[in-house]
Amino acid sequence: MSAALPSPTAIPEILIVPDKRLRTRARPVTDADRPALEALMPSMFDAMYRAPGIGLAAPQIGLSLRFFIMDLGPDHARTPLILINPTIIAASETLATREEGCLSLPNQYAEITRPARITATYEDLAGVKHRIEGEDLLAACIQHEIDHLDGILFVDHLTPLKRNILLRKLAKEQREKSDDKAASRARR
Ligand SMILES: [Zn+2]
């Protein structure tokens, strides 16, 4: 299945729950995809920094491909990373809980428990394979983003009750936001 790549110059729009494209398992990136991905990178990083966010997975911009971008560096020392076809090859039995949020669920945060340390492999834009080991925020971020490639959202790690409260709150806020937009259009 070929993915229609957005124009490399336009800043891609970040999809919001309950967009169905966030729930689809993405397909692996092939060598044929790499030139288009490379062209897309500047605008995809722009979209992430602008949001602002520290990670953005391809399905969040409507691309059903297995890659994500990440930058955990402070504003003054950006450390952009592109992880293509990432796979977690080891995860610690020790768990860690930290607050997570997601650009596809604006303003919603919850404490999520995941393995504290992980090792993952991924490819870069040239197709070279790398290995990354992480703990703390890095481990959580990689797991959160790989989840996106399988159509999984951080709220799926919550109990159904907590998940529903959060999703209802999001739906209400999104409704109010679109009402506000309609009202300001009507005033003009
Ligand atoms: Zn996310």
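Me: Strand β2 covers residues 67-70, so to speak; are Phe-67, Phe-68, Ile-69 and Met-70 there buried or exposed?
Reply: This is a predicted model, where local features need pLDDT of at least 70, side-chain atom pairs count only at pLDDT 80 or more, and totals for chains, interfaces and linings use all residues. Residues are numbered from 1 along each chain as its sequence is written. Strands (E, at least two residues) and helices (H or I, at least four) are DSSP runs, numbered from the N terminus. Phe-67 and Ile-69 point one way from β2, Phe-68 and Met-70 point the other way, and all of them count as buried (20 or more other C-beta atoms within 10 Å of a residue's own; 12 or fewer is exposed, in between is partly exposed, and C-beta atoms are placed from the backbone).

Me: OK, which residue in β2 is the bridge partner of Gly-55?
Reply: Strand β1 (residues 55-57) runs antiparallel to β2, with 3 bridges joining them; strands pair if DSSP finds at least two bridges between them. Gly-55's partner in β2 is Met-70.

Me: And over on β3, which residue is the bridge partner of Ile-69?
Reply: β2 also pairs with strand β3 (residues 81-91), antiparallel again, over 4 bridges. In β3, Ile-69 is matched with Ile-82.

Me: In what order do the 5 strands of the open sheet come?
Reply: The pairing is antiparallel. β1 and β7 (129-135) each have a single partner strand, so they stand at the edges with one side lacking a neighbour in the sheet. The full order is β1-β2-β3-β6-β7.

Me: Which element gives the most residues to the largest nonpolar core?
Reply: A nonpolar core is a set of buried Ala, Val, Leu, Ile, Met, Phe, Trp, Tyr and Cys residues joined through C-beta atoms within 7 Å. This one has 27 residues, and Met-44, Leu-56, Ala-58, Phe-67 and Phe-68 touch the most other members. α1 (34-50), β1, β2, β3, β6 (117-123) and α2 (136-149) each supply at least two. With 6 residues, the top contributor is α2.

Me: How far apart are the end C-alpha atoms of α2?
Reply: α2 is mostly covered, with 10 of its 14 residues buried. Its expected span is 1.5 Å times one less than its number of residues. That rule gives 20 Å, which agrees with the end C-alpha atoms being apart by 21 Å.

Me: Just after α2, which residue takes a positive phi?
Reply: Look right past the end of the helix. The phi there is about 75°, and the residue is Gly-151.
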